[in-house]
Every structure is written in C-alpha cells, then in structure tokens.
Amino acid sequence: MSRALTRRERFIRQGAAATWQFRPTAGLLILESPGLRQLEWLVHGFSTRAAGASKWKGARALPLGFSGWDRRKQVRENRAKFFRTIGGARMRVVRLRQIHSGISYRVDRLNALALAKEPPRGDALFTREAGILLAVETADCVPILLVDTKRRAIAAIHSGWRGTLERIAAKTLGRMQMEFGTRPEDVIAALGPGIGRCCYQVGSDVAREFNAQFPAARDWFDGAFDALASGRSDPHWLPWLTMRPPGHRPPSPTVNLDLLAANRAVLADAGVPACQISASGFCTACRSDLFFSYRREHTTGRMLAAIGITES
Ligand SMILES: [Zn+2]
C-alpha cells in the first residue's frame with residue numbers, strides 16, 4: 001500500500017489537478033496554472049494574443065516576441081505591460097535566442113545582467129534566485145514551467161518537436177537535480193498552450209525520429225504512423241497502404257503528433273508524478289482567436305511564458 005500523503009503534498013496535487021484560468025487584468029488576458037498560482041513566492045503567466053498595443057487584422061493584439069511580425073518598439077511596450085501585469089515589473093528579465101535544442105542555462109545573481117543583455121542560444125532557463133523573470137517565446141511549440149516546491153527553484157522551457165526529441169524538459173530537470181538537489185517528486189510542471197494533436201501534422205522524418213527515440217512514440221501519433229515510422233512509405237508501398245487500384249495515385253499518408261503527451265511522458269519518465277503535471281488544454285491552432293499560431297498563420301506574433309521568484 002502506498003503511504004499517506006502529507007498536507008503539503010495534498011496541497012500541491014490539488015492545485016495541479018484544478019482547471020486553468022484566464023485572469024483578465026489591466027486589459028490583458030493572462031492564462032494561469034492553478035498549481036503555480038497557489039505558491040505565494042512565485043509570479044507567473046502565459047500570455048494570450050488579446051489586447052495589447054499592436055494592431056493585427058483590425059484588432060488590438062499582444063505580440064511579445066522580437067522574432068514575430070511586429071515592430072520592436074511596440075513589442076517592448078507590450079512586453080513591459082505583460083511583465084507588469086503578472087507582477088514581474090521590477091524583476092530582471094532573462095530570455096533566450098531559441099534554437100530548438102536541448103540546451104539549458106542556469107541564471108544566478110552573477111550572470112543575470114550579462115544574460116539579460118545578450119540572450120544565450122538555447123531553449124531553457126532555470127534559477128533559484130529571487131528577482132529574475134525567466135521567459136520563453138512560443139507560437140505552437142509547448143512552453144513548460146517547472147517549479148521545485150521544496151527548494152524553491154524554477155525553470156522556463158521551450159519545447160517544439162526537436163526540443164521534445166532532445167528531452168529538453170528532462171535535461172533541465174536533471175540540471176536542477178545536480179545543481180540544486182531538486183527531487184522530481186517535489187516538482188510541479190505546467191504545460192502552456194501549444195499546437196494540439198488535432199492540428200499538428202508532421203512528416204515521416206519526424207515520425208521516424210520519434211520512433212527511434214521513444215518506445216512509447218506510437219501513442220503520441222494519429223494516422224499512418226507505422227508505415228511512416230518504419231520507412232515503408234515509398235511509392236511501391238503506397239497502393240497497398242491505401243488499398244487503391246493501380247493507376248490511382250493515393251494521397252500521401254500523413255500523421256499527427258501530440259507534443260503535449262510526449263512532453264508529459266518525458267517529464268513522467270524523469271520522475272515527476274503524473275498528477276503534478278498539468279496542461280492548459282488549449283490548442284493554439286484551433287484557438288487562433290486567443291493565441292498566435294505559426295502553423296495556422298505563418299506571419300504571426302509570439303506569446304511569452306514567464307516565471308519568477310519574488311524577493312521576500
Ligand atoms: Zn487544434
């Protein structure tokens with residue numbers, strides 16, 4: 001029989017199981033993870049496209065990334081407003097030049113200023129220092145925030161399909177274990193809005209790479225996964241696969257990837273209890289009224305996921 005949970009553990013798990021909420025504040029619509037919101041020593045938020053100082057197709061919008069379509073001046077204004085709204089106005093913001101890698105950086109008092117001035121190339125940031133706001137940009141990739149509730153350490157991670165293949169969430173957690181003594185069972189993980197299984201069509205190269213890396217990969221794909229992952233999608237096989245008579249060109253088989261399920265599995269394999277991993281439940285491509293989606297729009301803005309430890 002498993003042991004009874006402590007009060008603290010019950011508190012953590014209840015938060016992780018609760019529904020995510022939008023917080024309309026100062027004209028912006030910020031998405032919050034209930035598991036993180038209950039920790040009073042933290043600020044965090046996942047931005048949406050709503051409101052902001054920019055104009056996009058006639059509506060006010062909140063693009064927050066310098067790699068998006070909007071002008072830098074406007075983006076700076078939007079970012080300041082977002083940081084203010086989540087309670088991080090006085091924090092030092094550290095961001096990344098994101099490259100779809102497995103690379104993470106530790107941020108501390110000594111290097112924060114240098115990293116803020118010259119964002120490092122990588123896809124995850126982690127810290128135990130108060131007064132530092134870690135931020136990652138997304139528009140379909142999955143933003144992941146990790147919190148070690150016991151040792152008070154945090155991480156912000158950008159995980160697209162390449163980052164997921166690199167197991168960037170587990171690698172970042174591994175560095176927190178090494179450098180802070182973080183135990184996975186003390187960690188809450190919040191997976192923000194990303195492109196869903198419903199909309200994320202990928203090619204046979206992606207299916208093959210996942211199949212080679214993860215024994216459970218098939219569970220995260222819909223469509224002709226077996227054919228594509230095994231490389232049997234060459235023209236000689238296609239008529240067999242699609243049961244078409246000769247002479248009729250079959251459509252090429254496609255496959256959809258569930259990035260959220262893959263990242264959940266990566267974190268669970270690294271020891272984070274499944275009940276402490278929660279996801280927003282939103283697909284960025286389905287809900288382009290609320291979020292920016294690169295897949296859906298191509299020319300679009302970027303959202304931010306940010307987290308920081310408050311000075312006590
Ligand atoms: Zn969708």
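1. Start with the overall layout: the protein splits into domain 1, covering 7–196 + 262–309, and domain 2, covering 201–256. Keep in mind that this is a predicted model. Taken over C-alpha atoms, the centres of domain 1 and domain 2 sit 33 Å apart.

2. Next, the place where the two domains meet. Here 4 residues of domain 1 are in contact with 7 residues of domain 2. On the domain 1 side that touches domain 2, helix 5 and helix 10 (259–269) supply at least two residues each. That side of domain 1 is made up of 4 nonpolar residues, with no polar and no charged ones.

3. Helix 5 (161–165) also leads us to Arg-167, which is in the loop between helix 5 and helix 6 (168–180). Have a look at the backbone there: phi of Arg-167 is positive, about 55 degrees, though the residue is not a glycine. Is Arg-167 buried or exposed? Arg-167 is buried, because 22 other C-beta atoms lie within 10 Å and the cut-off for buried is 20 or more.

4. On to helix 6 itself. Its 13 residues, at 1.5 Å a residue, should span 18 Å, and the end C-alpha atoms are indeed 18 Å apart, so the two values agree. If you wonder how 13 residues give that figure, the expected span uses one less than the number of residues. The buried residues of helix 6 are Ile-168, Ala-169, Lys-171, Thr-172, Leu-173 and Met-176; note that a lysine, Lys-171, is on that list. As background for reading such a list, an α-helix has 3.6 residues a turn, so residues three or four places apart point the same way. After helix 6 comes Gly-181, with a positive phi near 75 degrees.

5. Asp-140 deserves a look as well. This residue is in the loop between strand 9 (132–138) and strand 10 (142–148). Phi of Asp-140 is positive, near 125 degrees, and Asp-140 is not a glycine. Asp-140 counts as buried because 26 other C-beta atoms lie within 10 Å.

6. Last, Gly-131, in the loop between strand 8 (124–127) and strand 9. With 15 C-beta neighbours inside 10 Å, Gly-131 is partly exposed. Which residues does Gly-131 contact, leaving aside neighbours within four places in sequence? They are Met-91, Arg-92 and Glu-311. As for Ala-112, the C-alpha to C-alpha distance from Gly-131 is 10.0 Å, with their positions 19 residues apart in sequence numbering.

Terms used:
Residues are numbered from 1 along each chain as its sequence is written. This is a predicted model: local features need pLDDT of at least 70, side-chain atom pairs count only at pLDDT 80 or more; totals for chains, interfaces and linings use all residues. Helices (H or I, at least four residues) and strands (E, at least two) are DSSP runs, numbered from the N terminus. A residue is buried if 20 or more other C-beta atoms lie within 10 Å of its own, exposed if 12 or fewer, and partly exposed in between; C-beta atoms are placed from the backbone. Domain bounds come from an automatic or database domain assignment. Ala, Val, Leu, Ile, Met, Phe, Trp, Tyr, Cys and Pro count as nonpolar, Asp, Glu, Lys and Arg as charged, and the others, Gly among them, as polar.
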